[in-house]
Amino acid sequence: MDFEDSRITTRPANRLWTRDFILLSLGLACISFTNYGATTIMAFYVAKISGSLMYSGIVGGAFSIASLVLRPVSGFAVNRLGPRKVMLASTALCVVACAFHTMAGAIVLLLAFRILHGTGYSFYSTAGSAAAANVVPLARRSEGMGYYMLGNVIAMAIGPAIVLTIIGEQTMTEFRTCFLISAAVCVLAFLMALGLSRREGLDGTAHGTGATPGTAPADLPRTFLGFEAGVLWPCCTGFLILVSYSAVSLYLAPYGRDTGWGNVGAFFAVYAVSMLVPRTVAGRFADRYGADIVMFPSFLLLMTGYVAVAFAQARWMIYAAGVPLGLAMGMAMPQITTFCISRCSRERRGSAAAAYYVAVDSALAFGMVLAGRIVAMFGYRAAYLLCAGSIVAALALYTCTLSGKRGRRRGEGW
């Protein structure tokens, strides 16, 4: 009996909170902390180094561009080497990259270090998602992936708030302290990966991604750049959703400062706590009733949230907008991940995870640069209204391609 089938037919295999699953979730929280923390303060750090916010979009996008370019490679590496080995190597790289941020005295150096960090994050996130897909029971896939991504939510809640508090005076010493803390957190992620068991689906090369033994490569769907066609529509939908988030992650702090509201770091805590709320039920509903029950409300909440940010008149309104935005992202993004996994061959779980993160990275990179241009030319309100328009496009695409039963692979559940 192969690894996949054993999860379906044996009672113990339906247990979700295994040791490996907990370690994977904690490791994701650690790596994501360094991502969200650095992104939140990057505009301020760029201004500290160069004296202007002009380069903030380019530097912010460098991380995502590096991740994007290397996604096909990371998926191939996970498929061949197994997730555990890739996670160990990538966390070590993240430690070095975060430490090097303290030595960035020029924009060129900062760009190089952001690319290095993006490389490590690219390989880790691909490997972590593939590993989680392999240890989560198939019958609880939406629920399990939703819980796995709680690590990302926790980091989103505490990362920006912590780093914005540390850089209160925005001195170089404070910035360096933030990056050294990030390096230490990456060490914790390395230890989490080191603690994973050497089991099939985590450390093997033969069937390290949940492959069915004996499947001939010729029987698998054709690929383009290593990705199967089944992941196209989930990735495009996720891209449109996350293009909008990039404007929040990079420009909300300057938005609050320029409008006289001061530190709006509490928005990220409200946002992240709101993301936690649907995690206990949304995945179960999607597994039982289909993805539409969580996706359609998510689109409506996202549109409401971005319009609220655009027309906010006080700091508390910004915080209030974090509630619908958090609820929506908490429901939508785990389901996008599940779409990618469910519509891709079992033998290519690493590539499916990589495809999801291609959408994430390209959306953040493109969105940061685009939002920067919109802010410079038309102001913050126009940028956030554009975010709402991106969600309208995502809703239309989802309705035409993934709604109903089109989101699953033949013969598989969610």
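**Figure 1. Contacts across the predicted chain.** Among contacts in the protein chain with a separation of 6 or more, 85% are between residues 24 or more positions apart, a contact being heavy atoms within 4.5 Å. The structure is a predicted model, in which local features need pLDDT of at least 70, side-chain atom pairs count only at pLDDT 80 or more, and totals for chains, interfaces and linings use all residues. Residues are numbered from 1 along each chain as its sequence is written, and side-chain values use heavy atoms, with hydrogens and water left out. The protein chain contains 15 helices and 2 strands; these are DSSP runs numbered from the N terminus, helices being H or I with at least four residues and strands E with at least two. Of its 414 residues, 60% count as buried, that is, under 20% relative accessible area, whereas exposed means over 50% and partly exposed lies in between (1.4 Å probe, protein chains only). About 15600 Å² of the protein chain is exposed, and carbon and sulfur atoms supply 68% of that area; accessible areas come from the Shrake-Rupley method with a 1.4 Å probe, and for residues only the protein chains shown count as cover.

**Figure 2. The largest nonpolar core and a separate core.** A nonpolar core is a set of buried Ala, Val, Leu, Ile, Met, Phe, Trp, Tyr and Cys residues joined through side-chain atoms within 4.5 Å. The largest one has 113 residues, of which Ile-241, Tyr-245, Leu-252, Tyr-306, Met-329 and Tyr-384 touch the most other members. Helix H14 gives the most to this core, contributing 13 residues. Another core, lying apart from it, has 18 residues, including Ala-38, Ala-104, Phe-113 and Val-163. Not counting residues up to four places away in sequence, Tyr-306 touches Ser-244, Tyr-245, Val-248, Leu-325, Tyr-384, Cys-387, Ala-388 and Ile-391.

**Figure 3. An aromatic pair between helices H9 and H15.** The whole structure holds 16 aromatic pairs, defined by ring centres of Phe, Tyr and Trp (its six-membered ring) within 6.5 Å; planes under 30 degrees apart count as stacked, over 60 as edge-to-face and the rest as tilted. Tyr-255 and Tyr-384 form a tilted pair, at 5.5 Å centre to centre with 35 degrees between the planes. This pair links distant parts of the chain, 129 residues apart, with Tyr-255 in helix H9 (residues 232-258) and Tyr-384 in helix H15 (residues 380-401). Tyr-255 is buried at 6% relative accessibility, and Tyr-384 is buried at 1%. Both tyrosines belong to one aromatic cluster together with Trp-261 and Tyr-380.

**Figure 4. Cysteines without disulfides.** The count is 0 disulfides, a disulfide being a pair of cysteine sulfur atoms within 2.5 Å. The closest cysteine sulfur to that of Cys-30 is in Cys-186, 8.2 Å away, which is too far for a bond. Cys-340 is likewise in no disulfide, the nearest cysteine sulfur being that of Cys-235 at 3.9 Å. Cys-30 counts as buried at 11% relative accessibility, and Cys-340 counts as buried at 0%.

**Figure 5. Surroundings of Ser-25 and Ala-354.** Ser-25 lies in helix H2 (residues 19-50) and is buried, with a relative accessible area of 9%. Leaving aside neighbours within four places in sequence, Ser-25 is in contact with Tyr-147, Tyr-148 and Gly-151. Ala-354 is located in helix H14 (residues 349-378) and is buried, with a relative accessible area of 0%. The C-alpha atoms of Ala-354 and Ser-67 are separated by 9.8 Å, although the two residues are 287 residues apart along the chain.
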